[in-house]
Amino acid sequence: MADTAATIEYFKKLLKVIHYDADLTFLDVKLIKKSKIDDVLCCILATLPDTYKKLMRQKEGDKFDSILCYKLMFKALKRKFLFNSNVYLVETNNAIKFATNVLKTLEKDIEKIERDYD
């Protein structure tokens, strides 16, 4: 089984970026620098197992809660901001909700994927 501790730590780091590193906050929307979000997302992807990443690209992967929530979190995080291309328009509540759901289901899903697809 893959070591998911590093991935979980990076998700916690992502949650900290969402909570504390906003350049501007307006209601449920925060402007966060692209580099901060992209760096953490890159680390998350680097620590995920290869079979998990393959399923993320396939429609079949949507039956796993963590993969579905990851895709929804990705959409909530990486909305383009019209006036500045160096920041993302982050839907805070959705991004936090989906990131915590990924954290809850990630270990169980990775175990199942490695057992069934390896």
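Which residue takes a positive phi in the hairpin of strand 1 and strand 2? In this predicted model, the residue is L27, whose phi is near 55 degrees. Just two residues sit between the strands of that hairpin. To see where this little turn belongs, it helps to start with the overall layout.

The protein is built from five helices and four strands. Reading from the N terminus on, the elements come in the order α-β-β-α-α-α-β-β-α. The C-alpha trace spans about 45 × 25 × 20 Å along the principal axes of the protein. The radius of gyration is 14 Å, and the globule rule gives 13 Å for 118 residues; the two values are close, so the protein is as compact as a globular protein of that length.

Now for the sheet. The four strands make up an open sheet, lined up as 1-2-4-3, with antiparallel pairing. Its edges are strand 1 (24-26) and strand 3 (79-80), each of which pairs on one side only. Helix 4 (residues 65-77) packs on this sheet, where it touches strand 3 and strand 4. The direction of helix 4 makes about 125 degrees with that of strand 4.

The hairpin from the opening question is one part of the sheet. Strand 1 and strand 2 are held as an antiparallel pair by three bridges, and L24 has L31 of strand 2 as its bridge partner. Strand 2 (residues 29-33) also runs antiparallel to strand 4 (residues 87-91), and five bridges join these two. Here L31 turns up again, with L89 in strand 4 as its bridge partner. So much for L31; I32, for its part, stands opposite Y88 in strand 4.

That leaves the way the helices pack on each other. Helix 1 (residues 5-20) and helix 5 (residues 92-117) have axes that come within 10 Å and cross at roughly 165 degrees. An angle over 145 degrees counts as roughly antiparallel, and that is therefore how helix 1 and helix 5 lie to each other. The crossing of helix 1 past helix 5 is left-handed. On the helix 1 side, the contact is made by T7, I8, F11, L15, I18 and H19. These meet T92, A95, I96, A99, T100, V102, L103, L106 and E107 in helix 5. Sorted by class, this contact has 10 nonpolar residues, four polar ones and one charged one.

Helix 1 packs with helix 4 as well. The angle between helix 1 and helix 4 is about 30 degrees, and their axes are 13 Å apart. Angles under 35 degrees count as roughly parallel, which means that helix 1 is roughly parallel to helix 4. Once more the crossing is left-handed as helix 1 passes helix 4. In this contact, F11, L14 and I18 of helix 1 meet Y70, M73 and L77 of helix 4. By class, that gives six nonpolar residues, with no polar and no charged ones.

Put together, F11 and I18 of helix 1 appear in the contact with helix 5 and also in the contact with helix 4. Helix 4, in turn, touches strand 3 and strand 4 of the sheet, and strand 4 is joined by five bridges to strand 2, which brings the picture back to the hairpin with L27.

Notes. Residues are numbered from 1 along each chain as its sequence is written. This is a predicted model: local features need pLDDT of at least 70, side-chain atom pairs count only at pLDDT 80 or more; totals for chains, interfaces and linings use all residues. Side-chain values use heavy atoms; hydrogens and water are left out. Two strands pair if DSSP finds at least two bridges between them. Contact means heavy atoms within 4.5 Å. Axes are lines fitted to C-alpha atoms, for helices over the stretch in contact, and angles run from 0 to 180 degrees between N-to-C directions. Angles under 35 degrees count as roughly parallel, over 145 as roughly antiparallel, 65 to 115 as roughly perpendicular and the rest as oblique. A crossing is left-handed if the near helix is turned anticlockwise from the far one by less than a right angle, and right-handed if clockwise. Ala, Val, Leu, Ile, Met, Phe, Trp, Tyr, Cys and Pro count as nonpolar, Asp, Glu, Lys and Arg as charged, and the others, Gly among them, as polar. The radius of gyration is taken over C-alpha atoms; the globule rule is 2.2 Å times the number of residues to the power 0.38.
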